[in-house]
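Colleague: Thanks for making time for this. Could you walk me through the fold and its charged pairs?

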Amino acid sequence: MGTERPDRPRIFGIGLNKTGTTSFHRAMTMLGFVSLHWGGPPIRERVEAAADAGEPLLAKLDPRFDAFSDIEALSTRFGLLDEQYPGSHFVLTVRPVDDWIDSRRRHVENNIRKQAAGEYDGNFLVVDEDAWRAHWASHVARVRDYFTGRADFLEIDITNGGSWRPFCALLGVAEPDAPFPWVNRDRPRG
């Protein structure tokens, strides 16, 4: 474990999966932050165990991490993170909702193919576009309502041409001399 103060401010990517969270993670890494992306069930279980024990949400994670993305157990508890880690920054990655649903649907279809081949044992196997759309609307509305007018918050659509400028302005760091990372670009719809 690192020697960093565990309750120091962090950078939380609070967008839902399939909204450019991997690009966010790569950008944070390129800016010099130690970033944790997804991490699967073990990370979710550690966050939930900390929550259940009444501990800070990051208490059971390596304190070296500066940035977090695509960890729903964190992103849905943004208010608690804000209380527990004062001075943190929050980034809501978004994209057009129909593109997001299409990307999730293709992800589930791929998981089903992989499960049939014995290569996937997860549970993201059901397409439910109505539930996804409702989840999207609720999450985005809650985040926007909570962070309205705050200088420590950024909402960004990385799929609409990612740029260093908004991230660097939010975090107070210099823009690197490298293209902004756009990872896992989806196929065009149609």
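Modeller: Happy to, and let's settle one term before anything else: a salt bridge here is a side-chain nitrogen of Lys or Arg within 4 Å of a carboxyl oxygen of Asp or Glu. Please keep in mind that this is a predicted model.

Colleague: With that in hand, which residues are linked in a network of salt bridges?
Modeller: Side chains of opposite charge can pair when their charged atoms come close. By the rule above, the count comes to 14 salt bridges. Four residues are linked in a network of them: Asp102, Arg105, Arg106 and Glu109.

Colleague: Where do Asp102 and Arg105 both lie?
Modeller: Their side chains meet in a salt bridge, with 2.2 Å from N to O. An α-helix has 3.6 residues a turn, so residues three or four places apart point the same way. Asp102 and Arg105 are 3 residues apart, about one turn, and both lie in helix 5.

Colleague: Is Asp102 buried or exposed?
Modeller: Its partner Arg105 is partly exposed, with a relative accessible area of 23%. Buried means under 20%. Asp102 has a relative accessible area of 9%, so Asp102 is buried.

Colleague: Which parts of the protein does the pair Glu155 and Arg144 tie together?
Modeller: The side chains of Glu155 and Arg144 meet in a salt bridge of 2.6 Å, N to O. Glu155 lies in strand 5 and Arg144 in helix 6, so this pair ties together parts 11 residues apart in sequence. Both are partly exposed, Glu155 with a relative accessible area of 30% and Arg144 with 43%. The parts tied together are therefore strand 5 and helix 6.

Colleague: And how many residues apart in sequence are the parts that Arg165 and Glu175 tie together?
Modeller: These two side chains meet in a salt bridge at 3.4 Å, N to O. Arg165 lies in helix 7 and Glu175 in the segment after helix 7, so the pair ties together parts that are apart in sequence by 10 residues.

Colleague: What is the relative accessible area of Arg165?
Modeller: Glu175 is partly exposed, at 42% relative accessible area. Exposed means over 50%. Arg165 counts as exposed because its relative accessible area is 57%.

Colleague: Let's turn to helix 6. What should its 19 residues span?
Modeller: Helix 6 covers residues 129–147, and the reckoning uses 1.5 Å a residue. The end C-alpha atoms are 27 Å apart, which agrees with the expected span of 27 Å.

Colleague: Within what arc do the buried residues of helix 6 fall?
Modeller: The buried residues are Trp132, Trp136, His139, Val140, Val143 and Phe147. Seen down the helix axis, they line one face of helix 6, because they fall within an arc of 95°.

Colleague: Which residues are exposed on the other side of helix 6?
Modeller: The buried residues of helix 6 have a cover that includes helix 3, helix 4, strand 4, helix 5 and strand 5. On the other side, the exposed residues are Asp130 and Asp145.

Colleague: Which residue just after helix 6 takes a positive phi?
Modeller: The phi there is about 75°. The residue that takes it is Gly149.

Colleague: Is Ser69 buried or exposed?
Modeller: Ser69 sits in strand 3, residues 67–69. Beyond its neighbours within four places in sequence, its contacts include Gly13, Thr21, Leu36 and Trp38. At 1% relative accessibility, Ser69 counts as buried.

Colleague: What about Asp66: what is its relative accessible area?
Modeller: Asp66 is in the loop between helix 2 and strand 3. Leaving aside neighbours within four places in sequence, Asp66 is in contact with Arg8, Arg10, Ile11, Phe33 and Val34. Asp66 is buried, because its relative accessible area is 16%.

Colleague: Stepping back, what is the radius of gyration of the whole protein?
Modeller: The secondary structure comes to 7 helices and 5 strands, in the pattern β-α-β-α-β-α-α-β-α-α-β-α along the sequence. For 190 residues the globule rule gives 16 Å, and the protein's value is close to that, so it is as compact as a globular protein of that length. The radius of gyration is 17 Å.

Colleague: Last one: what share of the 190 residues is buried?
Modeller: Of the contacts with a separation of 6 or more, 73% come from residues 24 or more positions apart. The accessible surface comes to about 10100 Å², with 49% of it belonging to carbon and sulfur atoms. Buried residues make up 42%.

How values were computed
Residues are numbered from 1 along each chain as its sequence is written. This is a predicted model: local features need pLDDT of at least 70, side-chain atom pairs count only at pLDDT 80 or more; totals for chains, interfaces and linings use all residues. Side-chain values use heavy atoms; hydrogens and water are left out. Helices (H or I, at least four residues) and strands (E, at least two) are DSSP runs, numbered from the N terminus. The expected span of a helix is 1.5 Å times one less than its number of residues. Buried means under 20% relative accessible area, exposed over 50%, partly exposed in between (1.4 Å probe, protein chains only). The arc is that of the directions from the helix axis to the C-beta atoms. Contact means heavy atoms within 4.5 Å. The radius of gyration is taken over C-alpha atoms; the globule rule is 2.2 Å times the number of residues to the power 0.38. Accessible areas come from the Shrake-Rupley method with a 1.4 Å probe; for residues, only the protein chains shown count as cover.
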